[in-house]
Amino acid sequence: MFEFPGENLSVRHALAQLRHELSSLALSADDLGSIEIVLGEVLNNVVEHAYCEGASGSIHVSCVPSVHVLRFKVEDQGVMLPFEELPEGELPSFDRPLAALPEGGFGWYLVRNLACDLVYQRREHRNILAFSIPVEGCA
């Protein structure tokens, strides 16, 4: 679908571009919101973790619409995930004051609850994350 630099501002522009390109699929506002949350978390994690410590590269996102599902693939040349496994996505404990809650720890929970069929592979120095997002529209 498209490729862009693995940088924060580029992710923001890519999400806007993706929303525009998906507008022809007659998706609901809820579906578009879920897509933006999942892709926002995934793409920001690539920038923050895969391209950490001054590493740079591009991110490639593809999307294949099918009946009531969008199938995404996100690829980058950054650092592989620890142990070559996706994070579990467990919520942090809420048994503390609001101000003491951790800043992170919610992203993979959201991804795992809004997307399905998550598969991570490391091939030829590339991270490849494939997942599906169920949608009401799309034919």
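Contact here means heavy atoms within 4.5 Å. Keep that in mind for the exercises below, and remember that the model is a predicted one.

**Exercise 1. How is the fold laid out, and how does its radius of gyration sit against that of a compact globule?**

Step 1: take stock of the elements. The protein holds 3 helices and 5 strands.

Step 2: put them in chain order. Reading along the sequence gives β-α-α-β-β-α-β-β.

Step 3: check the radius of gyration. A compact globule of 139 residues would come out near 14 Å, and the protein has 15 Å, so the two agree.

Step 4: look at the extents. The C-alpha trace spans about 45 × 40 × 25 Å along the principal axes.

Step 5: add burial and contact range. Of the 139 residues, 40% are buried. Among contacts with a separation of 6 or more, 62% link residues 24 or more positions apart.

**Exercise 2. Work out how α1 and α2 are oriented to each other, and what their contact is made of.**

Step 1: get the geometry. Helix α1 covers residues 8-22 and helix α2 residues 29-50; their axes come within 10 Å and cross at roughly 155°.

Step 2: classify the angle. Angles over 145 degrees count as roughly antiparallel, and α1 and α2 are therefore roughly antiparallel to each other.

Step 3: assign the hand. The crossing of α1 past α2 is right-handed.

Step 4: list who meets whom. From α1 come Asn8, Val11, Leu15, Leu18, Arg19 and Leu22; from α2 come Leu32, Ile35, Glu36, Leu39, Gly40, Leu43, Asn44 and Val47.

Step 5: sort them by character. The contact of α1 with α2 has 9 nonpolar, 3 polar and 2 charged residues.

**Exercise 3. Do the same for α2 and α3: which class does the crossing fall into, and which residues meet?**

Step 1: geometry again. Helix α3 runs over residues 107-114, and its axis comes within 9 Å of that of α2, crossing at roughly 135°.

Step 2: classify. That crossing makes α2 oblique to α3.

Step 3: hand. Here α2 passes α3 in a left-handed crossing.

Step 4: partners. Ser34, Ile37, Val38, Glu41, Val42 and Asn45 in α2 meet Gly107, Trp108, Leu110, Val111 and Leu114 in α3.

Step 5: character. The contact of α2 with α3 splits into 7 nonpolar, 3 polar and 1 charged.

**Exercise 4. Zoom in on Leu114: is this residue buried, partly exposed or exposed, and what does Leu114 touch?**

Step 1: place Leu114. This residue belongs to helix α3.

Step 2: judge accessibility. The relative accessible area of Leu114 is 26%, so Leu114 is partly exposed.

Step 3: find the partners. Leaving out residues up to four places away in sequence, Leu114 touches Ser34, Ile37, Val38, Ile133 and Pro134.

Step 4: compare chain and space. Leu114 and Leu43 sit 71 residues apart in sequence, with 15 Å between their C-alpha atoms.

**Exercise 5. Now describe His60: where is this residue, and which residues is His60 in contact with?**

Step 1: location. His60 is part of strand β2, residues 58-66.

Step 2: accessibility. With 22% relative accessible area, His60 is partly exposed.

Step 3: contacts. Setting aside neighbours within four places in sequence, His60 is in contact with Met1, Phe2, Glu3, Lys73, Val74, Glu75 and Arg126.

Step 4: separation. His60 and Asn127 are 67 residues apart in sequence, and their C-alpha atoms are 10 Å apart in space.

**Exercise 6. Which elements hold Asp117 and His125, two residues with positive phi, and are they buried or exposed?**

Step 1: Asp117. Its phi is near 55°, positive although the residue is not glycine. Asp117 lies in strand β4, residues 116-123. At 51% relative accessibility, Asp117 counts as exposed.

Step 2: His125. Phi of His125 is near 65°, again positive in a residue other than glycine. His125 is in the loop between β4 and β5, the latter being 126-134. The relative accessible area of His125 is 65%, so this residue is exposed.

**Exercise 7. Where does Glu90 lie, and how far in space is Glu90 from Val69?**

Step 1: Glu90 is in the loop between β3 (69-76) and α3.

Step 2: Glu90 is exposed, at 62% relative accessible area.

Step 3: Glu90 and Val69 are 21 residues apart along the chain, and 25 Å separates their C-alpha atoms.

Methods. Residues numbered from 1 in each chain as written. Predicted model: local features only at pLDDT ≥ 70, side-chain atom pairs only at ≥ 80, totals over all residues. Heavy atoms only, no water. Axes fitted to C-alpha atoms, helices over the stretch in contact; angles between N-to-C directions. Helix = DSSP H or I, 4+ residues; strand = E, 2+ residues; numbered from the N terminus. Parallel < 35°, antiparallel > 145°, perpendicular 65-115°, else oblique. Left-handed = near helix turned anticlockwise from the far one by under 90°. Nonpolar A, V, L, I, M, F, W, Y, C, P; charged D, E, K, R; others polar. Rg over C-alpha atoms; globule rule 2.2 N^0.38 Å. Buried < 20%, exposed > 50% of the residue type's maximum accessible area, 1.4 Å probe, protein only.
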